[in-house]
Amino acid sequence: MAKSTPSGLGGGGDAGFGAAPHERPVPRISIQAFCEFPDTGAALQRAAADRRLAKAHVTVQLGGIQAAVEHHAANPTPNLLIVETRLQGKTAVDEIDRLADVCDPATKVIIVGRVNDVELYRELMRRGVSEYLVAPLNPLHLIEVISGLYLNPEAAPIGRVVTFVGARGGVGSSTLAHNVGWCIAERLKINTTIVDFDMPFGTVGLNFNEEPSQGVADALSSPERLDDVLLDRLLVKSTDHLSLLASPAIVDRNYEAEHSSYEAVLDTVRATTPCVIVDMPHIWTPWVRDALLSSDDIVIVATPDLGSLRTTKSFVDLLKQNRPNDPPPKLVLNQVNTPKRPEIPIKDFSETVGIAPSLVLPFEPQLYGSAANNGQMVMEVQPRSATAESIRQLAEMVTGRAVQAEEKGVLPFLSFLKGKKTA
Ligand SMILES: Nc1ncnc2c1ncn2[C@@H]1O[C@H](COP(=O)(O)OP(=O)(O)OP(=O)(O)O)[C@@H](O)[C@H]1O
Ligand SMILES: [Mg+2]
């Protein structure tokens, strides 16, 4: 996609928005670590389990430099070798020199030590060591260092992926994904693409009053051909800042796609759009699991009932276990106070799942019904409602950006005063 297109990076007021350089996934490299102390081993294991290292092949063993030398006397060295030394000063340098004898010249080396020794650091840099880190290691810092070694600092920025998933069918996950995506695009002025992965039943076209399109299905069927030019053809431009990778929403078609195609599509979209909102269907397959685990942020939408509670708890536990270095997902309790429906109290819900809801949204059939029937967003139908305000808050939470006063649409009076002052 050309940079001037509506969804292109740098095309709007979204300067600097996207995944931070150190948040970028590390490429498919092999990493072998030999540590001396259990705390270093634990930090390395925690880093190895991180989503940003999901493509890398990491092995961690004990024994420090001695074990590394013995192992690599007989085996080739990996792309990156991380070794811990318990020694200091000259003795440490001598030990590391023995490692150099068995190390392939293309292998990068990170040394972990226990002391902050500037002389040792300089000596190691002179010998071509990539980095010297002082234990205890922080897993996120280690990932940042590894990313820095393998990613070109000149590389183009990539977008931030926020995935919306429902704890049950029909809880309002797609509605919120679309409303939040619209708010990010129109109020925060960050170029955004909403990807509707609900191929047979997706509602993105309906909700934005656009014709259904084969967009996401075509992208998934030929990921090898998908580049920014083809993607641009498949996108529906809803507004200057908002694009849709819409679903066909027909049942008379086979949507089977390779597991890897979903990742390839998201990689292409995030290479061209600073903010990517994924509208996940309510199904559970290996690709859904992987797409969820690799997202930069996740919003779980649930209703206050037993089915939602059980699934939210298993989502939260799964994410906690597989994303050890990420904050927990955001929880939205939706359709609260539905008339005549017995509900689980919010306090009990949040205590059971272990996270407090970021938002609680009431059941408002009139508001959502009119929005859906008009193909409009809640903020367009009732810009000053409490629900519009909540959607704005969620958009701010997932982007870390604040809507400017004039964009909130609540201060025409103040802008009038401003005009007077300067007049
Ligand atoms: N707070 C609410 N009050 C009233 N109606 C709502 C509310 N939130 C969503 N809805 C309505 O609920 C219906 C289902 O919403 P939506 O399609 O977004 O759910 P979903 O979780 O994506 O469902 P699916 O499992 O089919 O993907 C829609 O008609 C929507 O307008
Ligand atoms: Mg949906």
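This report walks through the domains, a helix pair, the ligand surroundings and two backbone details of a predicted model.

## Two domains

Let us start with the overall layout. The domain assignment divides the chain into domain 1, covering residues 25–150, and domain 2, covering residues 160–406. Taken over C-alpha atoms, the centres of these domains are 40 Å apart.

The two domains also touch: seven residues of domain 1 are in contact with five residues of domain 2. On the domain 1 side of this contact, four residues are nonpolar and three are charged, with no polar ones.

## A pair of helices

Two packed helices are described by the angle between their axes and the distance between the axes. Here the pair to look at is helix α2, residues 64–74, and helix α3, residues 89–102. Their axes come within 9 Å and cross at roughly 15°. Because angles under 35 degrees count as roughly parallel, α2 is roughly parallel to α3. The crossing of α2 and α3 is left-handed.

If you would like to find this contact in the structure, look on α2 for Ile65, Ala68, Val69, His72 and Ala73. Their partners on α3 are Glu95, Ile96, Arg98, Leu99 and Val102. By class, the residues of the contact between α2 and α3 comprise seven nonpolar, one polar and two charged.

## Around ligand 1

Next, turn to ligand 1, which has 21 residues around it. Gly169, Gly172, Ser173, Ser174 and Thr175 come nearest to the ligand. Three elements each give two or more residues to this shell: α6 (173–186), β12 (330–336) and α14 (365–374).

What is the make-up of the shell around ligand 1 by class? There are 11 polar residues in the shell, along with eight nonpolar and two charged ones.

## Two backbone details

Most residues other than glycine have a negative phi, and most peptide bonds are trans. With that in mind, two places in the chain are worth a look.

One is the peptide bond from Ala135 to Pro136, which is cis, with omega near 0°. You will find Pro136 in the loop between β5 (131–134) and α5 (139–150).

The other is Lys189, a residue other than glycine whose phi is positive, near 60°. Lys189 also sits in a loop, the one between α6 and β7 (192–196). Helix α6 may be familiar by now, as one of the elements that give two or more residues to the shell around ligand 1.

Key. Residues are numbered from 1 along each chain as its sequence is written. Chains are lettered from A and ligands numbered from 1 in the order in which they are written. This is a predicted model: local features need pLDDT of at least 70, side-chain atom pairs count only at pLDDT 80 or more; totals for chains, interfaces and linings use all residues. Axes are lines fitted to C-alpha atoms, for helices over the stretch in contact, and angles run from 0 to 180 degrees between N-to-C directions. Helices (H or I, at least four residues) and strands (E, at least two) are DSSP runs, numbered from the N terminus. Angles under 35 degrees count as roughly parallel, over 145 as roughly antiparallel, 65 to 115 as roughly perpendicular and the rest as oblique. A crossing is left-handed if the near helix is turned anticlockwise from the far one by less than a right angle, and right-handed if clockwise. Ala, Val, Leu, Ile, Met, Phe, Trp, Tyr, Cys and Pro count as nonpolar, Asp, Glu, Lys and Arg as charged, and the others, Gly among them, as polar. Domain bounds come from an automatic or database domain assignment. A residue is near a molecule or strand if its C-beta atom, placed from the backbone, lies within 6 Å of it.
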